[in-house]
Amino acid sequence: MWAAADAAVARGQHLALCTARGAFGPTWDHARRLDPDGWHVFHAGAAIVHTGSGAVRAEPLDPSVVAACAAVAEARGWVFELYAPADYTVASAHPLAVAHAGLLGVPHRVRDAATLEGPVVRVQFVVPRAEAGAVVAAAPAGTNVTVATSPVMPEGAFVTVTPAGVDKATAIARIAAELGVDLADVMMVGDGANDLAASGAVGHGTAMGNAEPEVLAAARHRVGHVDDDGLVDALALSARL
């Protein structure tokens with residue numbers, strides 16, 4: 001995959017990571033590998049971070065929203081995570097919390113929310129897939145709520161809460177404006193429901209072969225499964241558009 005990414009950069013293309021994860025651990029390493037001096041999207045659009053300067057442009061959650069989500073999580077026994085641009089805390093040792101730390105590529109540590117380093121830009125519930133709908137229904141009004149899953153952790157669902165009007169699409173638009181690139185010339189490659197808005201906002205929404213059905217249905221292009229180098233297919237396709 002890295003060879004294909006390097007070839008795209010050599011062609012003059014700009015590559016940016018666009019993820020619901022934070023700017024830490026292996027995710028931060030991947031962003032720096034893609035472009036060591038550029039903007040990347042983290043926290044489902046709630047923060048963009050520049051790998052060269054370390055500059056952060058964030059959209060913090062209102063403290064009342066954070067408190068309301070925490071109360072719901074405690075009442076229902078749901079794993080609850082708080083995220084700053086480059087840090088996260090989870091006060092649970094539930095197997096889903098431990099598994100998610102492994103998925104993020106960081107050690108699992110039970111931490112109090114007060115130890116979070118930076119403003120809360122996103123909160124996330126990690127729950128069994130069957131309970132994702134209940135989390136969405138319980139989310140505070142006036143927020144943006146998205147659900148994601150991972151083939152690496154099929155038992156869980158990740159329900160993310162960000163400020164209203166903040167998502168991957170708005171963050172991609174900000175980076176495109178920084179680069180002077182028309183959104184019609186942007187490709188967004190994704191596989192989860194939280195990629196839908198961004199896929200529809202750009203000229204070349206592209207679904208991985210393992211994408212959720214609604215993502216596949218809405219995509220302008222389709223490429224291979226993530227396990228079959230689908231991203232390499234997408235980079236090759238981008239060179240022909």
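Tutor: Welcome! Helices here are DSSP runs of H or I with at least four residues, strands are runs of E with at least two, and both are numbered from the N terminus. By that rule the protein has nine helices and 11 strands.

Student: What kind of model is it, and how are its residues numbered?

Tutor: It is a predicted model, where local features need pLDDT of at least 70 and side-chain atom pairs count only at pLDDT 80 or more, while totals for chains, interfaces and linings use all residues. Residues are numbered from 1 along each chain as its sequence is written, and side-chain values use heavy atoms, leaving out hydrogens and water.

Student: How do you know whether the radius of gyration agrees or disagrees with a compact globule?

Tutor: The radius is taken over C-alpha atoms, and the globule rule is 2.2 Å times the number of residues to the power 0.38. For 241 residues that rule gives a value near 18 Å, and the protein has 17 Å, so the two agree.

Student: Why are β1 and β2 said to pair?

Tutor: Two strands pair if DSSP finds at least two bridges between them. Strand β1 (residues 39-42) and β2 have four bridges, in the antiparallel sense, so they meet the rule. One of the partnerships joins W39 to H50 in β2.

Student: What makes β2 and β3 a pair too?

Tutor: β2 and strand β3 (residues 56-58) share three antiparallel bridges, and at least two are needed, so they pass. Here I48 stands opposite R57 in β3. The two strands form a hairpin with five residues between them, and G54 in its turn has a positive phi of about 80°.

Student: How do you know that both faces of β2 are covered?

Tutor: In a regular strand the side chains alternate between the two faces of the sheet. In β2 (residues 47-50), A47 and V49 lie on one side and I48 and H50 on the other, and all are buried. Buried means under 20% relative accessible area (exposed is over 50%, partly exposed in between, with a 1.4 Å probe and protein chains only).

Student: Why is H43 called buried?

Tutor: Its relative accessible area is 0%, and the limit is under 20%, so the word fits. H43 lies in the loop between β1 and β2.

Student: What makes the phi of H43 worth a look?

Tutor: Most residues other than glycine have a negative phi. H43 is not a glycine, yet its phi is positive, about 55°. D229, also not a glycine, has a positive phi of about 60°, and D229 lies in the loop between β11 (221-222) and α9 (230-240).
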